[in-house]
Amino acid sequence: SNPTQLSAGLYHTCALDDTGVVCWGRSNEGQIERAIPVLRNPTDVSLDYGASICALDDLGVTCWSKDTGANIDIPSELQQEVGNPTQLDGAKCALHDDGVSCWGSNDYGGTDVPSLSNPTQVNTGRDHVCALDDTGVVCWGSNDYRQTDVPALVNPTSIASGGYHTCALDDTGVVCWGT
């Protein structure tokens with residue numbers, strides 16, 4: 001009741017509402033409904049393309065698997081690094097007081113966060129990540145489909161990453177790159 005946020009994965013979706021986090025979608029044995037751990041005042045929920053779900057609550061970042069309900073460990077040094085997280089994306093990155101941190105498999109360089117200048121937004125695609133900061137849009141990770149080749153942008157204000165592409169809203173309108 002009263003949903004305030006949605007996040008979609010490949011086969012499942014979660015919402016944040018006044019009861020907490022609720023999820024639905026492909027679930028052959030009801031795992032999605034049973035998987036949600038106890039959360040304290042969740043303020044953000046984020047899904048990846050696989051089975052991971054993360055939420056931001058009073059205790060910080062909590063991640064779990066929709067398939068098993070098991071908690072996904074975020075390394076303790078990363079938990080300490082993610083001071084006062086304000087936004088999650090793709091169940092693998094957080095925007096926080098000190099910048100952006102990403103975790104999980106680094107098969108495509110997604111956890112190798114480059115130097116950013118006052119980032120205000122982070123978005124994850126399938127194998128890449130983009131952030132909006134004082135310098136504009138910065139992307140890293142896989143570039144198999146030119147998804148990290150950021151074109152010239154004029155005062156970008158918002159970004160949205162999809163599977164193998166990213167789009168930005170700037171003074172000229174919507175600009176997209178990748179496939």
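**Exercise 1. The two faces of strand S11**

Task: Find out whether the faces of strand S11 are covered or open in this predicted model.

Solution. Begin with one side of S11, where Gln-121 and Asn-123 are buried. Now turn to the other side: Val-122 and Thr-124 are buried there too. Both faces of S11 are therefore covered, since a residue counts as buried when its relative accessible area is under 20%.

**Exercise 2. The sheet around S11**

Task: Work out which strands make up the sheet that holds S11, and in what order they lie.

Solution. Step one is the order: three strands, S11-S12-S13, form an open sheet with antiparallel pairing. Step two is the edges, which are S11 (121-124) and S13 (136-141), each pairing on one side only. Step three is the twist: on average, neighbouring strands here are turned by 20° against each other, direction ignored.

Next, look at how S11 meets S12. Strand S12 covers residues 128-133, and 4 bridges tie S11 to S12. Two pairs to find in the model are Thr-124 with Val-129 and Asn-123 with Cys-130.

**Exercise 3. A residue in the turn**

Task: Is Arg-126 buried, partly exposed or exposed?

Solution. First place the residue: a hairpin joins S11 to S12 through 3 residues, and Arg-126 lies in the loop between these strands. Then take its relative accessibility, 37%. Buried needs a value under 20% and exposed a value over 50%, so Arg-126 counts as partly exposed. As a last step, try spotting Gly-20, which is 106 residues away from Arg-126 along the chain; their C-alpha atoms are separated by 26 Å.

**Exercise 4. A sheet of four strands**

Task: Trace the sheet that contains S4 and say which strands stand at its edges.

Solution. The order is S4-S5-S6-S7, an open sheet with antiparallel pairing. S4 (44-47) and S7 (71-72) each have a single partner strand, so one side of each has no neighbour in the sheet.

Follow the chain from S4 onwards. S4 and S5 form a hairpin with 4 residues between them, and 4 bridges join the two strands. Asp-44 stands opposite Leu-56 in S5. A second hairpin, through 2 residues, leads from S5 to S6. Here 6 bridges link S5 (residues 52-57) to S6 (residues 60-65). Among the facing pairs are Ile-53 with Trp-64 and Cys-54 with Cys-63.

**Exercise 5. How covered is S5?**

Task: How many residues of S5 are buried, and on which faces do they lie?

Solution. Count along the strand: 6 of its 6 residues are buried. Then sort them by side. Ser-52, Cys-54 and Leu-56 are on one face, and Ile-53, Ala-55 and Asp-57 are on the other.

**Exercise 6. Two nonpolar cores**

Task: Which strands supply at least two residues each to the largest nonpolar core?

Solution. Here is a helpful idea to start with: in soluble globular proteins, nonpolar side chains tend to be buried together. In this model, the largest nonpolar core has 11 residues, including Cys-14, Val-21, Leu-39, Val-45, Ile-53 and Trp-64. The strands asked for are S2 (12-17), S3 (20-25), S4 and S5. Apart from this core lies another of 10 residues, among them Cys-93, Val-100, Val-129 and Trp-140.

**Exercise 7. Two pockets**

Task: Describe the largest pocket and the second largest pocket by volume, lining and residue class.

Solution. Take the largest pocket to begin with.

- Its space is about 400 Å³.
- It is lined by 21 residues, of which Asp-48, Lys-92, Trp-103, Gly-104 and Ser-105 lie nearest its centre.
- The elements giving two or more residues to this lining are S5 and S12.
- By class, the lining has 8 nonpolar, 7 polar and 6 charged residues.

Now do likewise for the second largest pocket.

- Its space is about 210 Å³.
- It is lined by 14 residues, with Ser-7, Ala-8, Leu-47, Asp-89 and Gly-90 nearest its centre.
- S1 (5-8), S4, S8 (87-89) and S11 each supply at least two lining residues, and the largest share, 3 residues, comes from S4.
- By class, this lining has 5 nonpolar, 7 polar and 2 charged residues.

Methods
Residues are numbered from 1 along each chain as its sequence is written. This is a predicted model: local features need pLDDT of at least 70, side-chain atom pairs count only at pLDDT 80 or more; totals for chains, interfaces and linings use all residues. Side-chain values use heavy atoms; hydrogens and water are left out. Two strands pair if DSSP finds at least two bridges between them. A nonpolar core is a set of buried Ala, Val, Leu, Ile, Met, Phe, Trp, Tyr and Cys residues joined through side-chain atoms within 4.5 Å. Buried means under 20% relative accessible area, exposed over 50%, partly exposed in between (1.4 Å probe, protein chains only). Axes are lines fitted to C-alpha atoms, for helices over the stretch in contact, and angles run from 0 to 180 degrees between N-to-C directions. On a 1 Å grid over the protein atoms alone, a cavity is a set of points where a 1.4 Å probe fits but cannot get out, and a pocket is an open set with protein on both sides within 12 Å along at least five of seven lines; lining residues have an atom within 4 Å of a point. Grid points are joined across faces, edges and corners, and a volume is the space filled by probe spheres set on the points. Ala, Val, Leu, Ile, Met, Phe, Trp, Tyr, Cys and Pro count as nonpolar, Asp, Glu, Lys and Arg as charged, and the others, Gly among them, as polar.
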